[in-house]
Amino acid sequence: MKRLAIFIYFTLCGTFLSHSQDIKFLPEFTFGNRSIGYQHYIGYDLSKKWSINNITLFDTEYNNDNNNMFFIRNMLSYAINKSFKANVAFGVKNPGGFNTITLQYALNTKNFSLNYNIGTTYQNGFTLEQSLILNYSKRINTAYKFFTRLFTVMNTNLKYLDRGIQQLRIGIKKEALHVSLAINLDQFKKAEKTLENFGIAFKYNF
């Protein structure tokens with residue numbers, strides 16, 4: 001019941017915010033063999049140069065809370081030019097609060113987009129953080145598009161992997177609705193602990 005209440009809370013908050021002017025709200029539910037997950041992106045352009053966004057993720061196993069994962073990040077971005085942004089962020093994730101500064105590079109074409117971030121995160125010490133998002137889509141017919149999305153992030157202290165995440169989506173989208181096969185991989189503590197989740201994801205872009 002507690003897990004269901006958290007899901008409902010995030011969904012209602014996001015839906016409310018999505019009705020505000022010029023706010024992007026992209027929620028996604030994943031139903032996998034190990035766990036159920038919810039994540040969303042909320043973005044707002046303050047001006048042509050400045051923007052803010054929130055990313056929230058919650059993942060829990062069906063039968064227990066031993067491997068609950070959470071991630072909430074609030075970011076302020078400044079567009080240096082068409083391709084580069086400077087980002088400052090703060091938030092909370094297992095096991096506590098963190099702060100991040102990154103430089104972002106973006107490339108966008110008709111069917112393909114690339115987003116790469118590099119910088120530093122402080123959470124019980126400094127780590128090098130890198131993340132990569134690749135999106136590809138191709139129209140199948142007038143109603144449907146094939147798409148694939150790869151997201152990966154790595155935090156390392158240059159000696160070992162502190163935290164790693166990989167998410168792969170392969171599916172079909174019709175207008176704002178995305179349905180896909182989903183693979184989520186997570187690594188913790190020098191990759192001594194790993195979690196895997198395979199299932200189906202549903203995403204809607206408000």
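Which strands each supply at least two residues of the nonpolar patch? Point 3 takes this up.

1. **Model and fold.** This is a predicted model. The chain holds one helix and 12 strands. Read from the N terminus, the order is α-β-β-β-β-β-β-β-β-β-β-β-β. The helix thus leads, and the strands follow.

2. **Burial, contacts and surface.** The chain has 206 residues, and 37% of them are buried. Contacts with a separation of 6 or more were also examined: 37% of these join residues 24 or more positions apart. The accessible surface of the chain is about 12300 Å². Carbon and sulfur atoms account for 63% of that surface.

3. **Nonpolar patch.** A nonpolar patch lies on the surface. Its members are Phe31, Tyr62, Ile170, Leu177, Val179, Leu181, Ile200, Phe202, Tyr204 and Phe206. Together they offer about 900 Å² of accessible area. Strand E11 (177-188) and strand E12 (193-204) answer the opening question: each gives the patch at least two residues.

4. **Tyr204.** Look at this patch member in detail. Tyr204 sits in strand E12. Its relative accessible area is 38%, so Tyr204 counts as partly exposed.

5. **Second largest pocket.** This pocket has a volume of about 420 Å³. Its lining comprises 17 residues. Closest to the pocket centre are Asn94, Pro95, Asp162, Phe188 and Lys189. Strand E10 (161-174) and E12 are the elements that give two or more residues to the lining. Strand E12 therefore deserves a look from both sides of this note: E12 supplies at least two residues of the nonpolar patch, and E12 also gives two or more to the pocket lining.

Conventions. Residues numbered from 1 in each chain as written. Predicted model: local features only at pLDDT ≥ 70, side-chain atom pairs only at ≥ 80, totals over all residues. Heavy atoms only, no water. Helix = DSSP H or I, 4+ residues; strand = E, 2+ residues; numbered from the N terminus. Buried < 20%, exposed > 50% of the residue type's maximum accessible area, 1.4 Å probe, protein only. Contact = heavy atoms within 4.5 Å. Areas by Shrake-Rupley, 256 points an atom, 1.4 Å probe, with all protein chains shown as cover. Patch = residues over 30% accessible without salt bridge, like charges linked within 9 Å, V, L, I, M, F, W, Y side chains within 5 Å. Salt bridge = Lys/Arg side-chain N within 4 Å of Asp/Glu carboxyl O. 1 Å grid on protein atoms, 1.4 Å probe; cavity = no way out; pocket = protein on both sides within 12 Å on 5 of 7 lines; lining within 4 Å. Points joined across faces, edges and corners; volume = space filled by probe spheres on them.
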